[in-house]
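User: Could you walk me through reading contacts and helix packing here? I'd like the general idea before each case.

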Amino acid sequence: MTTTAPYRVTPSRVLHSEWHKLATLRSTWITLLFSAVSIVGLGLVVSAHYETGSREFVDPIELGLAGTQIATISLPVLGVLFTAGEYTTGTIRATLTAVPRRAPVLWAKAGVLTAVVLPLTLVTCVAGHALAQTFLAGTDQEASLTDPGVLAALAASAVGITALTVFAMALGGLLRSVAGGIGAFVGGVMVAPEVVGLLPVDAVDKAVEYFPAQAVGNVSALDAVAGAPSPGLSLLALGLWALGTTAVAAALLKRRDV
């Protein structure tokens, strides 16, 4: 008679393990709370001080969600910590001993991070926009939740921030360093494309629009911006960055020594 091994590694157990790691860190809850307050709070402050201008230059979704600019840094930093932090503490050895196939660990981290960040950003984006509209009603920035395209733009903003967070998580796995991962994200992803975009070359300008930090700024546009990629294309670019970088990090995780 054969018996099932009681401690067999399964996807659900790997997911549960990674959820436990994320949920038991105080920094996780501090970062999530800070990001949520930033998304709602900064949007309220900006909307409360808005003076009627021109919708041609200001998008109503981006105005009410001004705080997402902070969240696109704070949540990706959490993503870096989720992977690179294990290398800093040395707990990665225990993790990979428990899951010898290795790659499922990284995919489980991506799944857990998505399951946490996506609902948080979706709820705060919808709430933040609705609250901001209490100040913007009657202005050129009025756009209620029932207006065409508003909910889709808010959902796209949440998905975009989530994809950027998973991308940063994969960067942390690639570099295996908290400082290196955060430095690469802030310097290489947020700052460098802006500098490269100054080059007077049309092809470079077009390519930069699909880089992670630039793409996440385009996903929530309610009004089409001339010359900019559509929200759909920007979301696709973000998804490819997140999935592609995670796949590379997972492949290297299987080949590298711990």
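Analyst: Sure, polar contacts to begin with: a polar contact is a pair of N or O atoms within 3.5 Å; within protein, one must be able to donate a hydrogen and the other to accept it, and residues adjacent in sequence count only if both atoms are side-chain atoms. This is a predicted model, where local features need pLDDT of at least 70, side-chain atom pairs count only at pLDDT 80 or more, and totals for chains, interfaces and linings use all residues. Residues are numbered from 1 along each chain as its sequence is written, and side-chain values use heavy atoms, leaving out hydrogens and water. Here, the side chains of Q141 and D140 are joined by a polar contact of 3.2 Å.

User: Is Q141 buried or exposed?

Analyst: Buried means under 20% relative accessible area, exposed over 50%, partly exposed in between (1.4 Å probe, protein chains only). Q141 counts as buried because its relative accessibility is 0%. Q141 lies in the loop between helix 6 (103-136) and helix 7 (150-175); helices are DSSP runs (H or I, at least four residues), numbered from the N terminus.

User: How do helix 6 and helix 7 cross?

Analyst: Two packed helices are described by the angle between their axes and the distance between the axes. Axes are lines fitted to C-alpha atoms over the stretch in contact, with angles from 0 to 180 degrees between N-to-C directions. The axes of helix 6 and helix 7 come within 8 Å and cross at roughly 145°.

User: What does F167 touch?

Analyst: Contact means heavy atoms within 4.5 Å. Neighbours within four places in sequence aside, F167 is in contact with F185, V189, P212, W241, A242 and T245.

Methods. Helices (H or I, at least four residues) and strands (E, at least two) are DSSP runs, numbered from the N terminus.
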